[in-house]
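Subject: Structure for you to look at

Hi,

Here is the structure I promised to pass on. Please open it next to this email and follow along.

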Amino acid sequence: MDYPGSLEYLFGLQRIGARMGTATVASLLARLGDPQNSFSSVLVAGTNGKGSTAALLASILREAGLRVGLYTSPHLVRFEERIVVNGAEIRQAEVARLAGIVQEQAEQMVARGGEKEQPSFFETATAMAFRYFQQKDVDVAVLEVGMGGRLDATSVVDAITCLFTPIDLDHQQYLGSTLEEIAVEKAGILKSGSRAITAPQSPEVMQVLQRCATIRGATLF
C-alpha cells in the first residue's frame, strides 16, 4: 500500500461513523500483539483544551528526558499530525506501512464476524499510533481522548495518570444531554488506584469526578 492508497483506505472508514465501545479496538490490538502495553500512557479527556494540554504535557516530558509519543485528533492539515514522537510527525511511508498492517488484520476480523467487526477510522488510527509508539520505543505516550472517555478507543490503555480539561456540553447525541451525564462518560478513563488531575470544573462536574474517583479508588487532584 502506498501513501495515497493508505489515506483513501483510512478516510473511507469514516463511513462507519463513531463507535462507542472498546471491544472492536481491543480485538484489533490483540491481533497486533497489544502494543499499548509496551509503554506507559497518560490520558487527556475533557471538552475544551485537550489538544493543547496534551501537547504541553508531551513537551514537558520531553524536557524531562523521556522519549514521548503524542496522539491527538483531529488533524488540521495532514493525517501525520495525529501521531508524533519527540516532536517529529510520523513519516508518510510509515503511515502507508502501518495502514497496510492494520488493514490486513481488520479484513480477517470482518471475514470472521461480518461488517460489524470492521474497525472505524478512529479505531484504526489509534491502533496505528500504538503500533508506531511501540516501534519507536517510547517511554510514555500522551493520548488525547477522542470522544467521551469510558467507551473511547484510547481508554483501552492502563493509564498511569489521567487529566481532565474543562468539561462542558459536547457530543450530546452520544454522551448525554446534561453536564452530569457527560462528566460520567469522561470520568470513565479513571483507573483503579491511579492519580488524576483536573482543571477547575463547574460544581456539578466536580461532584461527578470526585464521586467516580472514589468508586474507582483513584485520587483526584
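Below is what was found, starting with one helix and moving on to a helix pair.

Keep in mind that this is a predicted model.

Start with helix H5, residues 121-135. H5 has 15 residues. From its first C-alpha to its last it reaches 21 Å, close to the 21 Å expected at 1.5 Å a residue.

Is H5 mostly covered or mostly open? Mostly covered: 12 of its 15 residues are buried. Several are aromatic by name, so look for Phe121, Phe122, Phe130, Tyr132 and Phe133 among them. Glu123 is also one of the buried residues, and so are Thr124 and Thr126. Ala125, Ala127, Met128 and Ala129 are buried too.

What do these buried residues pack against? The helices are H1 (3-12), H2 (23-31) and H4 (92-113). The strands are E2 (68-71), E3 (83-85) and E5 (140-144).

After H5 comes Asp137. Its phi is positive, near 55°.

Now find H1 and H4, two of the partners of H5. They also pack on each other, at an angle of about 50°. Their axes are 8 Å apart. Angles of 35 to 65 degrees count as oblique, and H1 and H4 are therefore oblique to each other. The crossing of H1 past H4 is left-handed.

Which residues meet there? H1 brings Tyr3, Ser6, Tyr9 and Leu10. H4 brings Gln92, Val95, Ala96, Ala99, Gln103 and Ala106. By class, this contact has seven nonpolar residues, three polar ones and no charged ones.

Best wishes

Conventions
Residues numbered from 1 in each chain as written. Predicted model: local features only at pLDDT ≥ 70, side-chain atom pairs only at ≥ 80, totals over all residues. Heavy atoms only, no water. Helix = DSSP H or I, 4+ residues; strand = E, 2+ residues; numbered from the N terminus. Expected span 1.5 Å × (residues − 1). Buried < 20%, exposed > 50% of the residue type's maximum accessible area, 1.4 Å probe, protein only. Contact = heavy atoms within 4.5 Å. Axes fitted to C-alpha atoms, helices over the stretch in contact; angles between N-to-C directions. Parallel < 35°, antiparallel > 145°, perpendicular 65-115°, else oblique. Left-handed = near helix turned anticlockwise from the far one by under 90°. Nonpolar A, V, L, I, M, F, W, Y, C, P; charged D, E, K, R; others polar.
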